[in-house]
Amino acid sequence: MAVAWLEDVRSADLGTVGGKGASLGELTGAGLPVPPGFVVTAGTYRTFIEEAGIDEELFSAVDVDSEDSEALEAAHDRAHELIVETEVPDKVRDEIVEAYRSMGNGEEFVAVRSSATAEDLPDASFAGQQETFLNVTEDDLVDRVQECWASLFSQRAIYYRNQKGFPHEEVDIAVVVQTMVDAEKSGVMFTSHPSTGDPRIIIEAAWGLGEAVVSGAVSPDNYVVDRETGEVEQETVATKKVMHVKDEATGETIETEVPEEKRDERVLVQSEIDRLIELGRMVEDHYGEPQDVEWAIVDGEVFMLQSRPITTIDDDASGADESEESEDGDEHLLSGLGASPGVASGTVRVVTKLDHLDEVQQGDVIVTEMTMPDMVPAMKRAAAIVTDEGGMTSHAAIVSRELGVPAVVGSGGATHTLEDGQVVTVDGEMGTVREGAVSGKPAAGPSGDDETAVGTKPKPVTATEVKVNVSIPDAASRAAKTGADGVGLLRLEHLVLSLGKTPERFIRDEGAEAYIEELMEGVETVAEEFYPRPVRVRTLDAPTDEFRQLEGGDEEPHEHNPMLGYRGIRRSLDRPDVFEHELEAFKRLYDQGYENLEIMFPLVTDGDDVAAARGHMESVGIDPEEREWGVMIETPASARGVDDIIAEGVDFVSFGTNDLTQYVLAVDRNNEHVSDRFDELHPAVLDMIGDTIDECREAGVDTSICGQAASEPEMVEFLVRKGITSISANIDAVADVFEEVDTVEEQLILDSVR
């Protein structure tokens with residue numbers, strides 16, 4: 001038989017109907033309201049390619065070096081051609097069509113959805129890599145089934161299987177065909193809290209088909225419900241600007257504007273919430289574990305469209321008690337800037353040379369003059385970090401926050417005051433180091449149990465997007481668990497500096513291809529973790545004093561003040577070969593299917609810089625009209641001349657307040673002697689940001705912020721009131737920024753109606 005009906009399918013049939021089909025069969029068998037349908041089995045696909053004699057050529061075609069973007073593209077093209085241009089046997093075609101005609105009146109609109117046999121596995125998720133087609137009728141049904149089969153060999157799917165070690169010939173694909181639910185309302189439901197596992201149901205709801213919610217095209221309403229009592233504990237009604245609906249003329253799914261009177265209307269009535277709660281309890285009881293459910297409502301009836309296990313619940317979300325203080329009587333040893341929150345105790349390891357890093361054990365406190373990228377592996381083992389030098393935007397501060405390690409920077413003399421083997425307590429909030437250990441459990445570091453504590457609160461739904469800053473790929477998983485709307489800043493320089501050589505020396509020693517692959521590997525880690533949420537990557541921006549610490553650094557120019565010198569786009573345009581190797585890494589990642597990547601150029605001065613950077617994108621084959629790209633606004637010149645920058649075709653601008661503040665106020669941001677004068681909220685800085693937002697809004701260009709100031713409540717309020725598009729905060733601040741944005745937006749709504 002070519003097909004199996006959902007009512008006859010169970011989880012044991014995974015190898016026959018794939019992950020999606022097995023889940024829908026389980027829900028159907030449990031008596032839950034699932035739209036009727038059938039599955040074109042994985043065996044049908046396998047028989048098709050074998051009896052047509054294309055199987056050997058197919059697997060040979062995709063046996064390529066997946067790091068070779070041209071070979072990958074050719075593999076995809078050939079695999080697609082082999083499958084879609086091979087005629088489906090009449091017997092199979094007839095059985096599929098006959099099953100379709102037996103549904104409803106035989107003229108149903110159906111959803112045709114891929115269901116691979118290697119989906120939703122514990123160690124690899126293939127979700128989103130194969131095709132789904134909506135509102136399909138008989139005329140196109142078999143063609144769409146073939147397109148689903150062919151999507152098993154998309155560039156991204158080929159690459160991902162190679163990376164995970166899945167042989168192509170061992171993965172099959174089934175296709176689910178279900179009656180379309182012409183949804184009036186739809187969304188997702190977590191049957192338990194997705195971070196903590198608490199018995200709270202989280203429901204997101206919007207008008208129309210659910211694709212708008214899943215894809216992020218619309219900000220949905222959000223309801224937090226006590227699963228036991230059914231009480232709605234928290235409710236956020238969003239402004240829903242668009243919805244996805246079926247075009248009655250063509251039958252295709254289209255995006256359209258929500259009618260004005262429904263944009264701010266509550267989507268769900270209480271009876272619908274009650275029904276969703278009832279179904280949520282049933283589906284979790286059936287599977288015996290919390291579920292992530294897609295649902296839809298039509299004519300007051302709720303349908304379950306898909307269910308999968310929630311994989312983000314932390315086994316010990318409570319984490320460490322960061323509020324614990326040292327016992328009375330503990331000696332205060334020194335103070336500095338509290339750069340990364342948390343309280344931790346450990347044994348001091350003074351690091352004055354890189355070869356001391358091997359001495360750092362799990363749970364030690366690293367004490368050093370300043371950290372460098374070479375220290376990251378040791379920083380990941382540390383319970384806390386203390387530095388002599390640096391400010392809130394130093395390497396130590398940024399990386400510590402992303403790893404969740406308490407840190408005190410700019411202490412002035414920790415390497416002289418503290419001794420190897422001494423036990424101390426570091427308070428990264430207060431900026432203090434005290435003698436002895438806290439009474440109780442030390443704060444867990446990046447390997448501890450509170451790794452996901454950044455995302456324990458249900459996030460509000462806001463019109464202003466809240467994104468997260470990432471400096472090192474190791475922090476990607478922790479960053480993704482914040483629930484952020486994407487990455488507003490991924491710093492490429494930390495990937496480059498971690499190579500231990502300047503770009504020029506690395507390319508000379510290892511070759512350009514090795515350099516490109518190193519960049520691809522780091523960026524891909526973050527892009528994969530966040531897919532399909534956007535990941536905005538800033539091209540190389542490191543001052544020469546950081547490069548001078550690396551092998552090949554003796555070839556770097558000597559500068560009196562590197563922060564004002566040869567860095568950012570200035571360096572990139574002056575060294576076009578190295579710059580284009582960076583851009584080539586982006587191109588290859590685009591070719592592999594990472595459409596969520598966005599390119600951002602740092603430290604531009606004017607439109608001429610932007611035009612030159614765009615020219616290099618085009619020279620490596622990146623189409624600026626097709627890809628999202630933009631620039632950092634970090635200099636007074638770029639802020640005052642933003643109209644010329646907009647004219648070059650940027651999609652967005654992003655404020656780097658760390659640099660913008662230091663250039664406006666003439667304060668070296670890494671100099672602890674003037675740190676008290678570094679003020680991102682200075683009226684001169686705010687005026688420059690506000691004026692730029694106004695010009696960009698008028699031109700239809702998105703605005704964002706990714707500097708340290710994005711984590712400050714006063715700055716958040718200012719930006720939301722000015723109408724900024726997105727705010728990108730440090731990992732530890734994302735939850736607080738979500739709350740602050742939500743509060744300001746609610747106040748704006750109240751102000752508008754009073």
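**Exercise 1. Find the strands that helix H11 lies across, and its angle to E15.**

Solution. Helix H11 (residues 395-403) lies across E15, strand E18 (384-387) and strand E19 (407-409), where contact means heavy atoms within 4.5 Å. H11 runs at about 45° to E15; angles go from 0 to 180 degrees between N-to-C directions, with axes fitted to C-alpha atoms, for helices over the stretch in contact. Helices (H or I, at least four residues) and strands (E, at least two) are DSSP runs numbered from the N terminus.

A word on the model: it is predicted, so local features need pLDDT of at least 70 and side-chain atom pairs pLDDT 80 or more, while totals for chains, interfaces and linings use all residues. Residues are numbered from 1 along each chain as its sequence is written, and side-chain values use heavy atoms, leaving out hydrogens and water.

**Exercise 2. Work out which strands stand at the edges of the sheet.**

Solution. Start with the order: E14-E21-E20-E16-E17-E18-E19-E15, an open sheet of 8 strands with mixed pairing (two strands pair if DSSP finds at least two bridges between them). E14 (332-335) and E15 (337-340) each have a single partner strand, so one side of each lacks a neighbour in the sheet. Inside the sheet, E16 (residues 343-351) and E20 (residues 423-427) run antiparallel, joined by 5 bridges. One to look up: valine 343 has aspartate 427 in E20 as its bridge partner.

**Exercise 3. Describe how H19 and H20 pack.**

Solution. First, H19 (residues 576-591) and H20 (residues 607-619) pack at about 60°, axes 9 Å apart. Next, Pro576, Phe579, Glu580 and Leu583 of H19 meet Ala613, His616, Met617 and Ser619 of H20.
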